[in-house]
Amino acid sequence: MEWNKSFEIIKKIIATNLAKEGKKFTIANAAELFGVKPHIYQAWAKGQRPSFDELENMARLLNLSPRWLLFGSGNPQENSSSATFIPE
């Protein structure tokens, strides 16, 4: 799956998580969720893939499958209980 398509799914998950916290979906709120500056979040939205560390953080924060994030295969939240890329 292309990153742009994956990111559309991620944005929906972000919006749901923010709504649970009583926050509106904004670029600033989404960036804050990940601990990045808004321009970094905007770059992801425009097609720039996050770094490996950013993807791992995204997996943990959103309970996403690392396999789905890295390869675009499977379900975004299947087998995401550990949300780690490298076994410890």
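Okay, let's start with a term: a salt bridge here is a side-chain nitrogen of Lys or Arg within 4 Å of a carboxyl oxygen of Asp or Glu. Keep that in mind, and also that what you see is a predicted model.

With that, take glutamate 21 and lysine 23. They form a salt bridge, and their closest N and O atoms are 3.6 Å apart. Glutamate 21 is partly exposed, at 47% relative accessibility, and lysine 23 is partly exposed too, at 34%.

How many salt bridges does a search of the whole structure find? Three. Another one joins lysine 11 to glutamate 8, with 3.3 Å between the closest N and O atoms. Both of those residues sit in helix α1, three residues apart, or about one turn of the helix. Lysine 11 has a relative accessible area of 26%, which makes it partly exposed, and glutamate 8 is partly exposed with 42%.

Then there's arginine 60 with glutamate 56, where the closest N and O atoms are 3.5 Å apart. These two are about one helical turn from each other, because they are four residues apart in helix α4. Is each partner buried or exposed, by the 20% cut-off for buried? Glutamate 56 counts as buried, at 13% relative accessibility, while arginine 60 is partly exposed, at 46%.

Okay, let's step back to the whole chain. The protein has five helices and zero strands, so reading from the N terminus you simply get α-α-α-α-α. There are 88 residues, and 34% of them count as buried. If you take the contacts with a separation of 6 or more, 42% come from residues 24 or more positions apart. On the outside, the protein exposes about 5,400 Å², with carbon and sulfur atoms supplying 51% of that.

Now for the aromatics. A search of the whole structure turns up four aromatic pairs. In one of them, the rings of tryptophan 3 and phenylalanine 7 have centres 5.6 Å apart and planes at 40°, so we call the pair tilted. Both residues are in helix α1, which covers residues 3–20, and being four residues apart puts about one helical turn between them. Tryptophan 3 and phenylalanine 7 are both buried.

Phenylalanine 7 also pairs with tyrosine 41: the centres are 5.3 Å apart and the planes are at 55°, so this pair is tilted as well. Here the link runs between distant parts of the chain, since phenylalanine 7 is in helix α1 and tyrosine 41 is in helix α3, residues 38–45, which puts them 34 residues apart. Phenylalanine 7 has 1% relative accessibility, and tyrosine 41 has 2%, so it counts as buried. Which residues do the ring pairs link into a cluster? Trp3, Phe7, Phe34, Tyr41 and Trp44.

Phe34 brings us to helix α2, residues 27–34, where the buried residues are Asn29, Ala30, Ala31 and Phe34. What do the buried residues of α2 pack against? They pack against α1, α3 and α4. Right after α2 comes glycine 35, with a positive phi near 75°.

One last stop, on the surface. Phe52, Leu70 and Phe71 form a nonpolar patch, and together they have about 300 Å² of accessible area. Leucine 70 belongs to helix α5, residues 66–71, and is partly exposed, with a relative accessible area of 30%.

Conventions. Residues are numbered from 1 along each chain as its sequence is written. This is a predicted model: local features need pLDDT of at least 70, side-chain atom pairs count only at pLDDT 80 or more; totals for chains, interfaces and linings use all residues. Side-chain values use heavy atoms; hydrogens and water are left out. Buried means under 20% relative accessible area, exposed over 50%, partly exposed in between (1.4 Å probe, protein chains only). Contact means heavy atoms within 4.5 Å. Accessible areas come from the Shrake-Rupley method with a 1.4 Å probe; for residues, only the protein chains shown count as cover. Rings of Phe, Tyr and Trp (its six-membered ring) pair if their centres lie within 6.5 Å; planes under 30 degrees apart count as stacked, over 60 as edge-to-face and the rest as tilted. Patches are made of residues with over 30% relative accessible area and no salt bridge: like charges are joined within 9 Å, nonpolar side chains (Val, Leu, Ile, Met, Phe, Trp, Tyr) within 5 Å.
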